[in-house]
Amino acid sequence: MKVLVIGSGGREHALAWKLLESPRVQTVYVAPGNGGTALDPRLENVPITDHAALADFVVAQKVALTVVGPEVPLAGGVVDLFRERGLRIFGPTQAAAQLESSKAFAKAFMKRHGIPTAAYETFTDAAAAHAYVDARGAPIVVKADGLAAGKGVVVAATAEEAHQAIDWMLTPEDNRLGVQHNDVPRVVVEDFLEGEEASFIVMCDGRNVVSLATSQDHKRLLDNDQGPNTGGMGAYSPAPVVTPNVHAKVMHEIVLPTVQGMARDGIPFTGFLYAGLMIDAQGQPRTVEFNCRMGDPETQPIMMRLKSDLAEVLLHATDGTLDKVTLEWDRRIALGVVMAAEGYPLAPRKGDPIHGLPEDAPDARVFHAGTALVDGRLVTAGGRVLCVTALGDSAKLAQQRAYEVLQRIQFAGAQVRRDIGHRAIRR
Ligand code: ATP
């Protein structure tokens, strides 16, 4: 069968690569794709982003299954449009995608269904938000309500920082980070949670849930978790902080109540559901955020470890029969290190030639994100450029292998963290 992957990041390259391994799959289209998906002779880039035009393409090419990578098309209703036209697609509807696209929706949902998360209030009025910060004290977290590609959150160490964040988030003309507000600018102000973060991603068919391997991202730009927040500088799987006990708690206290709550509220969740967790010293998980899609770069190590046939699993997921699926995983650790462009995250430079890309090996692969093929030359074309992902019998060995491959690759101004996996290695 033919499959379409919507998106252009490292996540989509990893999904497309995994789908190609399925004996059921003849062709994988990636829309719009990147330089890496263009280079792979078995993948075909499709330069379309308009949803109706994508649906026309799927009908014309007899594509049997579509899977959506990023949040923007999901929040824009691509799943609703495909379903109206009777096309098979895996992802949440626009209404269900609000779990990610509106922090106010997600927080109210969690409160209503008793799902553990930080105490919070939602504000459209700056004076009321300032008063709440003064009453609550620092550290405190201020979040813009709307999609902001990981840049709409300020973890404020002081009340002063929180006040500044409220001012720019609630003043549209001062919206320097370009948050896509749903209507009136709103902020969520919530308590700071202590602990270690982990990514917990499941597949849902509206009723049944299958959990993927756990993982951990590294959001800050610099070593030792310093510098600004980014979309993610590297990830590994599994995350040892998610012990079997924590895993059971996450399923029973967070994931299952969420899926059941969405169904009860009349907006059943289909697609990848990502719970961003904070796990405290006692092993109690709390939800920091929901995403309505897989994480990038978490997808890259997770796909390296997945042994099951992804196409078959996605067919079950779109048929409502995920209860028939048991996923198989490589027992090794997978670890991915992001190479980002100069100037990332604020103003990434584009157009730098990339040299020294090695051949993929069974235990190491280079997934592309912000790359493009220009006149047959591979150049940088976005913030996060590549994710070098390797398997190893321990976190240390996976890390060594990933950096060994990475050091052969060059482009001007590349930014790389040198400590991806440090928490797993320390344990
Ligand atoms: P992304 O989708 O890129 O993960 P986002 O804009 O949806 O980002 P959040 O995930 O809600 O934002 O927050 C970004 C980061 O800020 C979290 O990964 C976490 O490190 C930190 N953070 C958010 N909320 C809290 C909190 N209540 N306590 C402590 N840290 C927090």
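1. In the shell around the ligand, strand S19 gives the most, with 3 residues, and this holds for a model that is predicted. The elements that give two or more residues to that shell are strand S7 (140-144), strand S9 (153-156), strand S11 (187-191) and strand S19 (285-291).

2. As to the make-up of the ligand's surroundings, the residues of the shell divide into 7 nonpolar, 2 polar and 8 charged. Of the 17 residues around the ligand, those that come nearest are Lys103, Glu190, Leu193, Glu197 and Glu289.

3. The polar contacts with the ligand deserve a reading atom by atom. An N or O atom in the side chain of Glu197 is placed 2.5 Å from an oxygen atom of the ligand, and a polar side-chain atom of Lys143 lies 2.8 Å from an oxygen atom of the ligand. Leu193, by contrast, takes part through its backbone, with an N or O atom 2.8 Å from a nitrogen atom of the ligand. On its own the ligand has 600 Å² of accessible area, and the protein covers 90% of that area.

4. Elsewhere in the chain, helix H1 (residues 10-20) packs against helix H12 (residues 310-319), with the axes 7 Å apart and at an angle of about 100°. Because angles of 65 to 115 degrees count as roughly perpendicular, H1 is described as roughly perpendicular to H12. On the H1 side the contact is made by Leu15, Lys18 and Leu19, and on the H12 side by Leu310, Ala311 and Leu314. These contact residues divide into 5 nonpolar, no polar and 1 charged.

5. Two peptide bonds that precede proline should be checked when the model is prepared for further work, as should one backbone angle. Most residues other than glycine have a negative phi, and most peptide bonds are trans. Ala31 and Pro32, however, are joined by a cis peptide bond with omega of about 0°, and Pro32 has its place in strand S2 (residues 27-32). A cis peptide bond also joins Tyr344 and Pro345, where omega is about 10°; Pro345 is found in the loop between strand S20 (333-340) and strand S21 (364-368).

6. The backbone angle in question belongs to Asp225, a residue other than glycine whose phi is positive, near 55°. Asp225 has its place in the loop between strand S15 (220-222) and strand S16 (226-229).

Notes. Residues numbered from 1 in each chain as written. Predicted model: local features only at pLDDT ≥ 70, side-chain atom pairs only at ≥ 80, totals over all residues. Heavy atoms only, no water. Axes fitted to C-alpha atoms, helices over the stretch in contact; angles between N-to-C directions. Helix = DSSP H or I, 4+ residues; strand = E, 2+ residues; numbered from the N terminus. Parallel < 35°, antiparallel > 145°, perpendicular 65-115°, else oblique. Contact = heavy atoms within 4.5 Å. Nonpolar A, V, L, I, M, F, W, Y, C, P; charged D, E, K, R; others polar. Near = heavy atom within 4 Å. Polar contact = N/O pair within 3.5 Å; in protein donor to acceptor, adjacent residues only side chain to side chain. Areas by Shrake-Rupley, 256 points an atom, 1.4 Å probe, with all protein chains shown as cover.
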